[in-house]
Amino acid sequence: MGKIFNVSGDCKPNLHYMVDISERLRKIKELVDRGEYFSIHRARQYGKTTTLRALKRYLQEEYIVLSLDFQKLDAAKFENGNMFSLAFASYFIRLLRRECADRTGVVSETQ
């Protein structure tokens, strides 16, 4: 089956026609390598999620990349700083353990 034009969700290079974003990924990696911040912001359907997922694949040989989704924390976790900090730390550690297990094939006993 040939490639198609995707008009919803993130694009997958093996399924969808895509603009070549390799130069954009290279420039973002330069920022990451220097420890600089960057933001990705555009209107709907401009490739933000596609870029972030491609960036994860692009960086994963040199970095541990975690995708955090604050929607996974229920609203109560945002009520005070202490509660948020504990919830965020727990979420972060869980994702880090999962990523490390994916890389090594070893699942932590505390996961």
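A salt bridge here is a side-chain nitrogen of Lys or Arg within 4 Å of a carboxyl oxygen of Asp or Glu. Keep that in mind for the first part of this talk. One caution before we start: this is a predicted model.

Let's begin with charge. How many salt bridges does the rule give? The count comes to nine. I'll walk through some of them.

Start in helix H1, with Arg26 and Glu30. Their side chains meet in a salt bridge, 2.2 Å from N to O. That sits inside the 4 Å limit. Why about one helical turn between them? Because Arg26 and Glu30 are four residues apart in helix H1. Now the exposure. Arg26 has 33% relative accessibility, so Arg26 counts as partly exposed. Glu30 is at 34%, and is partly exposed too.

Stay in H1 for another bridge. Asp33 pairs with Lys29, and the closest N and O atoms are 2.8 Å apart. Both residues lie in helix H1, four residues apart, about one turn of the helix. Buried or exposed, where does Lys29 fall? Lys29 is buried, at a relative accessible area of 13%. The cut-off for buried is under 20%, so 13% qualifies. Asp33, its partner, is partly exposed at 42%.

Next, Lys77 and Asp74. These two form a salt bridge as well, with 3.5 Å between the closest N and O atoms. Lys77 is partly exposed, with a relative accessible area of 28%. Asp74 is partly exposed at 41% relative accessibility.

There is also a network. Which residues does it link? Salt bridges join Asp10, Lys12 and Arg53.

Asp10 comes up again around His16. His16 is found in the segment before H1. His16 is buried, with a relative accessible area of 9%. What does His16 touch, leaving out residues up to four places away in sequence? The contacts are Lys3, Ile4, Asn6, Asp10 and Cys11. So Asp10 is both in the salt-bridge network and in contact with His16.

On to the nonpolar core. The largest one has seven residues. They are Ile21, Leu25, Ile28, Ala54, Leu55, Leu59 and Val65. Which elements give two or more residues to this core? H1 and H2 do. H2 gives the most, with three residues. Take Ile21 from that list. Setting aside neighbours within four places in sequence, Ile21 is in contact with Thr51 and Ala54. Ala54 is itself a member of the core.

Now the rings. The structure holds six aromatic pairs. Phe5 and Tyr17 make one of them, and the pair is tilted: 4.7 Å centre to centre, 35° between the planes. Phe5 and Tyr17 both lie in the segment before helix H1 (22-33), so the pair ties together parts that are 12 residues apart in sequence. Phe5 is exposed, with a relative accessible area of 68%. Tyr17 is partly exposed at 46%.

Phe78 and Phe84 form another tilted pair: 5.4 Å centre to centre, 35° between the planes. Why tilted? Because stacked needs planes under 30 degrees apart and edge-to-face needs over 60, and this pair has 35°. Phe78 is partly exposed, with a relative accessible area of 44%. Phe84 counts as partly exposed at 25%.

This pair belongs to a wider group. Ring pairs link Phe70, Phe78, Phe84, Phe88 and Phe92 into a cluster.

Last stop, the surface. Which residues form the nonpolar patch? Leu68, Phe70, Phe78, Phe92 and Ile93. Together they have about 430 Å² of accessible area. Patch members need over 30% relative accessible area, and Phe84 has 25%, so Phe84 falls short of that cut-off. Phe78, at 44%, clears it. Phe70, Phe78 and Phe92 are in the ring cluster and also in the patch.

And Leu68? Leu68 lies in the loop between helix H2 (48-59) and helix H3 (81-104). Leu68 is at 35% relative accessibility, so Leu68 counts as partly exposed.

To recap. There are nine salt bridges by the rule, six aromatic pairs, and a largest nonpolar core of seven residues. On the surface, there is a nonpolar patch with about 430 Å² of accessible area.

Terms used. Residues numbered from 1 in each chain as written. Predicted model: local features only at pLDDT ≥ 70, side-chain atom pairs only at ≥ 80, totals over all residues. Heavy atoms only, no water. Patch = residues over 30% accessible without salt bridge, like charges linked within 9 Å, V, L, I, M, F, W, Y side chains within 5 Å. Areas by Shrake-Rupley, 256 points an atom, 1.4 Å probe, with all protein chains shown as cover. Buried < 20%, exposed > 50% of the residue type's maximum accessible area, 1.4 Å probe, protein only. Phe/Tyr/Trp six-rings, centres within 6.5 Å; stacked < 30°, edge-to-face > 60°. Core = buried A, V, L, I, M, F, W, Y, C linked by side-chain atoms within 4.5 Å. Contact = heavy atoms within 4.5 Å.
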